[in-house]
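Please look at the following protein model together with its sequence. A student asks how certain structural terms are justified, and each reply sets a value against a definition.

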Amino acid sequence: MKLHAIVEDLETARLAVDGGATVVQWRLKGVPTVDVVERGRSTRSLCARHGVAFVVNDDLEAALMLGADGVHLGRDDDGAGRAKDHGLVLGLSAANVDEARVADTQADYVGVGPVWATPSKIDAGPPIGLDGLRDICASVSTPVVAIGGIDETNAADCIRAGALGVAVIRAAPDAAKLLAAIDATL
């Protein structure tokens, strides 16, 4: 759970896996489930061959069809109970302590952020900063994965603030650099 590489194509997934990503999160926004599944098969296979956890973003049906290890659901997504019923690892998003406490009761990990401003998610709320991340980490028992504006220059700061891992989109191809920065903290 140390490094979630959030990807939308096989080549980026391959770079992330080769660089040591521990989780690949398949994220295709605004795409029908059938396309998420069809386009995700190769990435699912890549992850299985390399022993990397494969998580589908926002689409429980696609996660089930792909035989994913888990699903990550946003604050407005349904299906947490069904995901758990099917034995999937469940990640839930939170942007503040109250949301994190709600997620803490059902999630296997909580994706927290954005820690910093990010161009990768235009509808992200205001950045919570390291203080907000630290407060959330202290208020839940579920592992926290920090997200939002994270790269090799600040990933270690998230770990020092209490996160178990980080999730990245733009920095996914640089997985090796991110892991080196995180490992230097541990």
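The questions and answers below deal with the strands, the helices and the buried residues of this model.

Q: What makes a value count in this model?
A: The model is predicted, and local features need pLDDT of at least 70, side-chain atom pairs count only at pLDDT 80 or more, while totals for chains, interfaces and linings use all residues. Residues are numbered from 1 along each chain as its sequence is written, and side-chain values use heavy atoms, with hydrogens and water left out.

Q: Why is Leu73 called buried?
A: Buried means under 20% relative accessible area, exposed over 50%, and partly exposed in between (1.4 Å probe, protein chains only). Leu73 has 1% relative accessibility, and therefore counts as buried. The residue lies in strand E4, residues 70–73; helices (H or I, at least four residues) and strands (E, at least two) are DSSP runs, numbered from the N terminus.

Q: Which residues are in contact with Leu73, leaving aside its neighbours within four places in sequence?
A: Contact means heavy atoms within 4.5 Å. By that rule Leu73 is in contact with Asp58, Asp78, Gly79, Ala80, Leu90, Gly91, Leu92 and Ser93.

Q: How do you know that both faces of E4 are covered?
A: Gly70 and His72 lie on one side of E4, Val71 and Leu73 lie on the other, and all are buried. In a regular strand the side chains alternate between the two faces of the sheet.

Q: What makes E3 and E4 a pair?
A: Two strands pair if DSSP finds at least two bridges between them. Strand E3 (residues 53–57) and E4 run parallel and are joined by three bridges, so the requirement of at least two is met. Val55 stands opposite Gly70 in E4.

Q: How do you know that E4 also pairs with E5?
A: Four bridges join E4 to E5, and the two run parallel. In this pairing His72 stands opposite Gly91 in E5.

Q: Why is the unit of E4, H4 and E5 called right-handed?
A: A crossover is right-handed if, with the strands pointing away from the viewer, the path from the first strand over the helix to the second runs clockwise. E4, helix H4 (residues 80–85) and E5 make a β-α-β unit of this right-handed kind.

Q: What makes E5 and E6 a pair, and which residues stand opposite each other?
A: Strand E5 (residues 89–94) and strand E6 (residues 109–112) pair in the parallel sense over four bridges. Ala94 stands opposite Val112 in E6, and Gly91 stands opposite Tyr109 in E6. The chain crosses from E5 through H5 to E6, and this β-α-β crossover is right-handed.

Q: How many bridges does E6 form with E7?
A: E6 and E7 pair in the parallel sense over three bridges. The bridge partner of Gly111 in E7 is Val145.

Q: In what order do the strands close into a barrel?
A: Eight strands close into a barrel in the order E1-E2-E3-E4-E5-E6-E7-E8, with parallel pairing.

Q: How do you know that the buried residues of H6 are on the same side?
A: In helix H6 (residues 129–139) the buried residues are Gly129, Gly132, Leu133, Ile136, Cys137 and Ser139. They cover an arc of only 165 degrees around the axis, and therefore they are on the same side of H6; the arc is that of the directions from the helix axis to the C-beta atoms. The exposed residues Asp131 and Ala138 are carried on the face turned away from the buried side. What covers the buried residues includes helix H5 (97–104), E6, strand E7 (144–147) and helix H7 (155–160).

Q: Which residues touch the most other members of the largest nonpolar core?
A: A nonpolar core is a set of buried Ala, Val, Leu, Ile, Met, Phe, Trp, Tyr and Cys residues joined through side-chain atoms within 4.5 Å. Of the 57 residues in the largest one, Leu3, Val56, Val71, Leu133, Ala146 and Val166 touch the most other members. A second, separate core of six residues includes Ile6, Val55, Tyr109 and Ala167.

Q: Why does Arg44 count as buried?
A: Arg44, found in helix H2 (residues 33–50), has 16% relative accessibility and therefore counts as buried. Not counting residues up to four places away in sequence, Arg44 touches Phe54, Leu66, Gly67, Ala68 and Asp69.

Q: Why is Asn154 called buried?
A: Asn154 has a relative accessible area of 10%, and so is buried. The residue is found in the loop between E7 and H7.
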